[in-house]
Every structure is written in structure tokens, then in C-alpha cells.
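This report introduces one protein chain to a reader who has not met it before. Please look over the sequence and the model first.

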Amino acid sequence: MKILYFAELKELVNRTEDAFPFDYEISVEQLKQHLYSTYPVIQGKKFQVAVNEEFVRDNDTVKPNDIVALIPPVSGG
């Protein structure tokens, strides 16, 4: 499972992407919990999750070969 980080999250975890070796489906909420334990610095941060370029909810599932993007809110100007 490939995870892409954007904006503030990219800065906080100091990377643009990760690959996690899940070989089974997990819920978006389970993935978030895994990310929070891996990178405690992002716990409490607001962000949307997109799987294969589609926004998803916490009870949706993520498959092992999916590409997940973590997108924090962006302010315009």
C-alpha cells in the first residue's frame, strides 16, 4: 500500500511517500491508527484521505495495492 503525503503532513513526517506491506484489506480508520502510531506527530491533525484519487470515509476499505493520499486542508489567498 502506497501512502502519499502532502503539504503540512509531508513536512511533519519529513517524507513524500511510504509503502506499507499490508497483504489484506483494512479500513481507512485502521490505516489512520497505524499512521498515528508510526508518526505520532500527525495525531490530531486534520486531513482528508483519498484512495486511488477518490475521497473516502473512515469506514471505507483500502486494499493492499491501493494508492492513498493524505491531503490536509489548504488555505487560499
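A residue counts as buried under 20% relative accessible area, as exposed over 50%, and as partly exposed in between. E17, with a relative accessible area of 38%, is therefore partly exposed. The model described here is a predicted one.

## Overall build

The chain contains two helices and seven strands. Along the sequence they follow the pattern β-α-β-β-α-β-β-β-β.

With 77 residues, a compact globule would be expected to have a radius of gyration near 11 Å, and the 12 Å of this chain agrees with that. Along the principal axes, the C-alpha atoms fill a box of roughly 40 × 25 × 20 Å. Of the 77 residues, 35% count as buried. The chain exposes about 5,100 Å², and carbon and sulfur atoms supply 48% of this area. Among contacts with a separation of 6 or more, 54% are made by residues 24 or more positions apart.

## The sheet

Strands of a sheet pair through backbone hydrogen bonds, either parallel or antiparallel. In this model, five strands form an open sheet in the order β2-β1-β7-β4-β5, and the pairing is mixed. β2 (17-19) and β5 (54-55) stand at the edges with a single partner strand each, so one side of each has no neighbour in the sheet.

β4 and β7 pair in the antiparallel sense over four bridges. V49 has L70 in β7 as its bridge partner. β4 is also joined to β5 by two bridges, and these two strands run antiparallel. Here A50 stands opposite F55 in β5. The hairpin of β4 and β5 has two residues between the strands, and in this hairpin N52 takes a positive phi near 50°.

## The nonpolar core

Which residues touch the most other members of the largest nonpolar core? They are M1, I3, Y5, L31, V62, V68 and L70, in a core of 20 residues. At least two residues of this core come from each of β1 (2-5), α1 (7-13), α2 (28-38), β4 (48-51) and β7 (67-71). The largest share, four residues, is supplied by α2.

V68 can be followed in more detail. Not counting residues up to four places away in sequence, V68 touches M1, K2, I3, L4, L31, V49, A50, V51 and V62.

## Salt bridges

How many salt bridges does the structure hold? There are four, and three of them are described here, beginning with K2 and E17.

The side chains of K2 and E17 meet in a salt bridge, at 3.8 Å from N to O. This pair links distant parts of the chain, with K2 in strand β1 and E17 in strand β2, 15 residues apart. K2 has a relative accessible area of 33% and is partly exposed, and E17 is partly exposed at 38%. R15 forms a salt bridge with D18, and their closest N and O atoms are 2.9 Å apart. R15 is partly exposed, with a relative accessible area of 36%, whereas D18 counts as buried at 10% relative accessibility.

## K32 and D58

Is K32 buried or exposed? Its relative accessibility is 14%, which is under the 20% limit, so K32 counts as buried. K32 lies in helix α2. Leaving aside neighbours within four places in sequence, K32 is in contact with F47, V49 and D58.

With D58, K32 also forms a salt bridge, in which the closest N and O atoms are 2.8 Å apart. This pair again links distant parts of the chain: D58 is in the loop between β5 and β6 (61-62), K32 is in helix α2, and 26 residues separate them. D58 is partly exposed, with a relative accessible area of 33%. The salt bridge of D58 and K32 thus brings together a partly exposed residue and a buried one.

Technical notes:
Residues are numbered from 1 along each chain as its sequence is written. This is a predicted model: local features need pLDDT of at least 70, side-chain atom pairs count only at pLDDT 80 or more; totals for chains, interfaces and linings use all residues. Side-chain values use heavy atoms; hydrogens and water are left out. A nonpolar core is a set of buried Ala, Val, Leu, Ile, Met, Phe, Trp, Tyr and Cys residues joined through side-chain atoms within 4.5 Å. Buried means under 20% relative accessible area, exposed over 50%, partly exposed in between (1.4 Å probe, protein chains only). Contact means heavy atoms within 4.5 Å. Two strands pair if DSSP finds at least two bridges between them. The radius of gyration is taken over C-alpha atoms; the globule rule is 2.2 Å times the number of residues to the power 0.38. Accessible areas come from the Shrake-Rupley method with a 1.4 Å probe; for residues, only the protein chains shown count as cover.
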